[in-house]
Amino acid sequence: MAWERIRKDTNPRVAPNLADYAQARRAFSWQRARAELSGLPGRGGLNIAYEAVDRHIAAGNGRHTALRCIARDGTVTGVSYAGLALDTARFANILRSLGVNRGDRVFTLLGRCPELYTTVLGTLKNTSVLCPLFSAFGPDPVRQRLRLGNARVLVTTEALYRRKVADRRDQLPELEHVLFVGPVTEPLPDTVSFAELMQAASDDFTIPPTDPQDMALLHFTSGTTGTPKGAVHVHEAVVAHHATAAFALDLHPEDIYWCTADPGWVTGMSYGVIAPLTHGVTVVVDEGDYDARRWYQILAEERVSVWYTAPTAVRMLMRGTARHASTDLPQEYDLSALRFIASVGEPLNPEAVLWGQEALGLPIHDNWWQTETGCIMIANFAGTEIRPGAMGRPLPGVEAAVLERGEDGRALVTGGRVTVLHHPDAEGELALRPGWPSMFRGYLHDKVRYDAAFADGWYLTGDVARQDADGWFWFVGRADDVIKSAGHLIGPFEVESALMEHPAVAEAGVIGRPDPVAGAIVKAFVSLKPGHDPSEALERELLAFSRRRLGPAVAPREIAFDQNLPKTRSGKVMRRLLRARELGLPEGDISTLEGSA
Amino acid sequence: MNRTEALEIVKDSIARIVPDADFTRLGPDEKFRDALEMDSLDFLGFVETLIERTGLAIDENDYPALTTLSESADFLVTRAAGRAGQPPSP
């Protein structure tokens, strides 16, 4: 079914940064985008934290509110740009006094609290590397990422540390310093209070010269096989964060901006911390969990003007209003300050785009990007029409294409060459021409997988898409087995490995089962070892077992027993077939299946 | 529905999401979402199970009453009493 396009007001309240798409693409260059930033004084290079914080003080805007932090209990604390500059200087001095240097990795395992901003930006000031973790990860994913990323410093809370790190600290020999944000009930060995260190630290810190190509951020993401991949981003990425936030989020200096993403994921970093601060806007930071009333209240009371959220959250809000059989819940709140809404994570269904228009008075603008791209690549823009259900069009400075696919579902590479599909609506692997500043520069310690992400001068995204005759891209699905659930990528291998550590499990195959709210939920098929029989008790035990290890963000929400998991001749569980069976789709080519001719 | 039945339904509904939830260590007035690390999808699943088990209408306005075991049980008792004498919801 074709959905009607949403045309835009010719006289909007705020003139959009991008009004004429073709003209904006013609006029754009990354060099010009770089010129929008300040650079470190005295040709000192380019440092993300300087662009996000200190340059606003140099420009006389130090008194402007940088953060409006809403605690779980609703208390609001404001932090000015000048205050943020001092706090981040203190944290940089803490790192320096601990002997933490350029390139050393500082990890956060924190919710959305003011100390998160201090840690992230203070780390960048010190030219150390920041790696955020998601607090809904269980102990296994947390420890694995700390180890793979060579964490020297971890900033977290006492509760999270006790739950996820403490009992295996000895397996992390590189982890030297653990800082506790918030109250400490009883001192633990080899940990120290964040607040006490901050109190003692000097607020005088000069950012050392920073090469734009210096590593700044490390973001773990998941692939089909193997361990999580640490995507490396450099300080130059800030050029792309800044430019894309102007185009795709339409940020203007007077905006009050709220990004609901968790800081453990790339959205929470690129657009929850860095990009809005480079624009000098006021950022709303909510520590609380999703709650429809809380969210509407924040939008209303904080006078949020630009809101960046996720399809899963939008669909949860839709459920709330749908059950009332009208759109009354949002109407209890004054949402008049809101002027632009964007969403990212998994495709936003057309119904959700239009629900925004009916219930909130504004359509929702979907956009698309990945951990590896570091910034928004394809978007529906504030100043141009929306095609509900589409990812949008490539941003200025971004070249995208769809490539012909081979039998394995990925781009077909023949003699080092790929084939770009030019006819409208042809489905293929979405590919991007590298060259934008926030492009990842490697997977940490894994050159082989990095090299495998490119072919014939294209970065291969692993997503399947089509491009319509007018240039809009439409998401079709994943080209591999990675699961997109509630805006997060989940690697089936990580889940299967955890399940197979259970004594009853012989083999496991993990897929995404379509879900009306989360896009997909993690479902595991397991076969049992001799002596174990399927039962409801065992199902619950396996759910609990994987949840303890992996945490709610990664663990399966459904388990099915199957003693005949489809496997290739080489013995690999065929997730593609499990998916086809689950969805009642044709099983396709099964010639490589075990037992077939 | 009496208070004891209500509390059992609350615990069962939590256990559907967190099968190894240890109710001997979870205080009646402790916020169970934090204690058991339930995310938004988990909480949604919990509410759906409550609705399924009780037949009561529960929506976003009621979520603030569903933060601890005690409050959740009280909520179910009150809501069920409010519905007594009315035809069952479809």
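Against which elements of chain A do the buried residues of α3(A) pack? Keep that question in mind while you load the structure, which is a predicted model, and begin by selecting the helix itself.

**First stop: helix α3 of chain A**

Select residues 48–58 of chain A, which form helix α3, and notice that this helix is mostly covered, since nine of its 11 residues are buried. The buried residues are A:Ile48, A:Ala49, A:Tyr50, A:Glu51, A:Ala52, A:Val53, A:Asp54, A:Arg55 and A:His56. To answer the opening question, add α4 (81–97), α5, β8 (215–221), α9 (237–248) and α10 of chain A to your selection, as these are the elements that the buried residues of α3(A) pack against. Just after the helix, look for A:Gly60, which takes a positive phi of about 90°.

**Second stop: α3 against α5**

Now keep α3(A) on screen and add helix α5 of chain A, residues 114–125, whose axis comes within 8 Å of the axis of α3(A) and crosses that axis at roughly 120°. That angle makes α3(A) oblique to α5(A), and the crossing in which α3(A) passes α5(A) is left-handed. Show the side chains of A:Ile48, A:Ala49, A:Ala52 and A:Val53 on α3(A), together with A:Leu121, A:Leu124 and A:Lys125 on α5(A), for these residues make the contact. Sorted by class, the residues of this contact are six nonpolar, no polar and one charged.

**Third stop: the sheet of chain A**

Switch to a cartoon view and colour the strands of chain A, where nine strands form an open sheet in the order β2-β1-β11-β10-β12-β13-β14-β15-β16, with mixed pairing. Its edge strands are β2 (76–80) and β16 (393–394) of chain A, each of which pairs on one side only. As a reminder of what holds such an arrangement, strands of a sheet pair through backbone hydrogen bonds, either parallel or antiparallel. For one example, select β1 (residues 65–70) and β11 (residues 282–286) of chain A, which pair in the parallel sense over four bridges, and then find A:Cys69, which stands opposite A:Val285 in β11(A).

**Fourth stop: helix α10 and its proline**

Next select residues 266–278 of chain A, helix α10, which lies across β1, β10 (256–259), β11 and β12 (306–309) of chain A and runs at about 165° to β10(A). Because 12 of its 13 residues are buried, α10(A) is largely enclosed by the rest of the structure. Among these buried residues are A:Met269, A:Tyr271, A:Ile274 and A:Leu277.

Which residue of α10(A) could you centre on next? A:Pro276 is a suitable choice, as it lies in helix α10 of chain A and is buried, with 29 other C-beta atoms within 10 Å. Leaving aside residues up to four places away in sequence, A:Pro276 touches A:Ala245, A:Leu251, A:Tyr257, A:Tyr271, A:Val281 and A:Val283. After the helix comes A:Gly280, whose phi is positive, near 70°.

**Fifth stop: two loops with positive phi**

Move to A:Asn150, in the loop between α6 (139–148) and β5 (151–157) of chain A, and note that its phi is positive, about 55°, although A:Asn150 is not a glycine. A:Asn150 is partly exposed, with 19 other C-beta atoms within 10 Å. Then go to A:Asp456, in the loop between β19 (454–455) and β20 (458–467) of chain A, where phi is near 55°, again a positive value in a residue other than glycine. A:Asp456 is partly exposed, with 16 other C-beta atoms within 10 Å.

**Last stop: chain B**

Finally, show chain B beside chain A: 14 residues of chain B are in contact with 21 residues of chain A. The largest share of the side of chain B that touches chain A, four residues, comes from helix α3 (residues 40–54) of chain B. By class, that side of chain B has six nonpolar, one polar and seven charged residues.

Within chain B, select helix α1 (residues 3–17) and helix α4 (residues 69–83), which pack at an angle of about 120° with their axes 8 Å apart. The two helices, α1(B) and α4(B), are therefore oblique to each other, and α1(B) passes α4(B) in a right-handed crossing. To see the contact, show B:Arg3, B:Ala6, B:Leu7, B:Ile9 and B:Val10 of α1(B) with B:Leu69, B:Ser72, B:Ala73, B:Leu76 and B:Val77 of α4(B).

Note on methods:
Residues are numbered from 1 along each chain as its sequence is written. Chains are lettered from A and ligands numbered from 1 in the order in which they are written. This is a predicted model: local features need pLDDT of at least 70, side-chain atom pairs count only at pLDDT 80 or more; totals for chains, interfaces and linings use all residues. Two residues are in contact if their C-beta atoms, placed from the backbone, lie within 7 Å. Ala, Val, Leu, Ile, Met, Phe, Trp, Tyr, Cys and Pro count as nonpolar, Asp, Glu, Lys and Arg as charged, and the others, Gly among them, as polar. Axes are lines fitted to C-alpha atoms, for helices over the stretch in contact, and angles run from 0 to 180 degrees between N-to-C directions. Angles under 35 degrees count as roughly parallel, over 145 as roughly antiparallel, 65 to 115 as roughly perpendicular and the rest as oblique. A crossing is left-handed if the near helix is turned anticlockwise from the far one by less than a right angle, and right-handed if clockwise. Two strands pair if DSSP finds at least two bridges between them. A residue is buried if 20 or more other C-beta atoms lie within 10 Å of its own, exposed if 12 or fewer, and partly exposed in between; C-beta atoms are placed from the backbone.
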